Amino acid sequence: MGPLALPTWLQPRYRKNAYLFIYYLIQFCGHSWIFTNMTVRFFSFGKDSMVDTFYAIGLVMRLCQSVSLLELLHIYVGIESNHLLPRFLQLTERIIILFVVITSQEEVQGKYVVCVLFIFWNLLDMVRYTYSMLSVIGISYAVLTWLSQTLWMPIYPLCVLAEAFAIYQSLPYFESFGTYSTKLPFDLSIYFPYVLKIYLMMLFIGMYFTYSHLYSERRDILGIFPIKKKKM
C-alpha cells in the first residue's frame, strides 16, 4: 500500500494560504472600519471631524500598522512573495510618522495633515488587502488587479508629501519640548529635530527607490493581462 495522502486542510500549502487569507481579511476589516468611520464622521461633523481624527481612530490605526510588521516576517520566511527592502521602507515610513512624529506630539495629532494621511494610507491598504486576500484563494479580477497596481501611482507620492509636511509641522514642538533629544557621554548629544531633518531627505530618496520597484512590479503583473487586438 502506498503512503496515505494528507487531508487537504493539513497540507502545508493549504495552511499557509489559510493563514494569509485570515491575515489579509483582518487587515482589510481594520482599514475598512477606519475609512468608513472617517467618512461617516466627516459627513456628520464636517471639518471638525478632521481635528479629532487621531483621537477617534488612532488606536485602531496603530494596531493595524503594528500588525503589518508581520509582513516582513512573511517575506523573510518565504510564505509571502515580495521583495523585503521595498516593503521595509514602506512600513518604516508609516511607523516613524505614526508612532514617532504623531503619537509623541499631542499638538500634531489635531492637525489636518493627520486626517489626510489616514485617508491616503487606508485607500491604498483597502485595495491592496482586497487584492491579496482574493489572490491567495485563486480569485482574480482584471479590474481589481489593475486598480491595485495603479492606485498607488498618484497616491503614494501624495502620501510622502503629507508625511514630509507632518514632519515639518512637528519640528517646532520637538524643538520646544526636547522630545527624544538626549545627552550622551563625552559631551555628545542627540538633537532630535536634526535627526528628523535628515530623515526628511531620506524620505524622498526612499520614495524614488520604492516607486521604481512598484512600477516594475506593476509592469510585470499587468503583463499577464494582454490587450486583445481586434481582427481586421
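Which helix supplies the largest share of the lining of the second largest pocket? In this predicted model, the answer is H1, with six residues. The pocket itself has a volume of about 170 Å³. Its lining consists of Phe35, Met38, Thr39, Arg41, Phe42, Phe43, Ser49, Met50, Thr53, Cys115 and Ile119. H1 is joined there by helix H2 (48-51) and H7, and each of these three elements gives at least two residues. By class, the lining divides into seven nonpolar residues, three polar and one charged.

The overall architecture is as follows. The chain holds ten helices and two strands. Along the sequence, nine helices come before the two strands, and one helix follows them, in the pattern α-α-α-α-α-α-α-α-α-β-β-α. The C-alpha trace spans about 75 × 50 × 40 Å along its principal axes. The chain has 232 residues, and 38% of them count as buried.

The largest pocket encloses about 1,000 Å³ of space. Its lining is made up of 38 residues, and those closest to the centre are Asn82, Arg128, Tyr131, Ser132 and Glu217. Six helices each supply at least two residues to this lining: H1 (12-45), H5 (84-102), H7 (112-135), H8 (142-148), H9 (152-177) and H10 (192-222). H7 gives the most, with eight residues. The class count for this lining is 16 nonpolar, twelve polar and ten charged.

H7 thus takes part in the lining of the largest pocket and also in that of the second largest. The helix is mostly covered, with 18 of its 24 residues buried. Its length was compared with expectation. At 1.5 Å a residue, H7 should span 34 Å, and its end C-alpha atoms are 35 Å apart, so the two values agree.

H1 likewise appears in the lining of both pockets, supplying at least two residues to the largest and six to the second largest. Part of H1 also carries a database annotation. The unreviewed UniProt entry assigns "transmembrane region" to residues 20-43, 129-147, 154-171 and 191-211. Two of these spans were examined in the model. Residues 20-43 are 100% helix and 0% strand, with end C-alpha atoms 34 Å apart. Residues 154-171 are also 100% helix and 0% strand, and here the end C-alpha atoms lie 27 Å apart.

Cysteine pairing was then considered. The model contains zero disulfides. The sulfur of Cys29 has its closest cysteine sulfur in Cys64, at 9.6 Å, and is therefore too far away for a bond. A pair would need its sulfur atoms within 2.5 Å. Cys159 is also unpaired, because the closest cysteine sulfur, in Cys115, is 13 Å away. Cys115 is one of the residues that line the second largest pocket. The surroundings of Cys29 and Cys159 were also assessed. Cys29 is partly exposed, with a relative accessible area of 45%. Cys159 is at 2% relative accessibility and so counts as buried.

Helix H9 also includes Leu158. With a relative accessible area of 39%, Leu158 is partly exposed. Leu158 and Val116 are 42 residues apart along the chain, and their C-alpha atoms are separated by 9.5 Å.

Tyr180 sits in the loop between H9 and strand S1 (182-184). Its phi is near 70°, a positive value in a residue other than glycine. The relative accessibility of Tyr180 is 43%, so the residue counts as partly exposed.

Tyr76 belongs to helix H4 (residues 70-77). At 68% relative accessibility, Tyr76 counts as exposed, because the threshold for that class is over 50%. Tyr76 and Ala166 are 90 residues apart in sequence, and their C-alpha atoms are 31 Å apart in space.

Note on methods. Residues numbered from 1 in each chain as written. Predicted model: local features only at pLDDT ≥ 70, side-chain atom pairs only at ≥ 80, totals over all residues. Heavy atoms only, no water. Buried < 20%, exposed > 50% of the residue type's maximum accessible area, 1.4 Å probe, protein only. 1 Å grid on protein atoms, 1.4 Å probe; cavity = no way out; pocket = protein on both sides within 12 Å on 5 of 7 lines; lining within 4 Å. Points joined across faces, edges and corners; volume = space filled by probe spheres on them. Helix = DSSP H or I, 4+ residues; strand = E, 2+ residues; numbered from the N terminus. Nonpolar A, V, L, I, M, F, W, Y, C, P; charged D, E, K, R; others polar. Expected span 1.5 Å × (residues − 1). UniProt positions renumbered as here; feature names shortened; annotations may be inferred.
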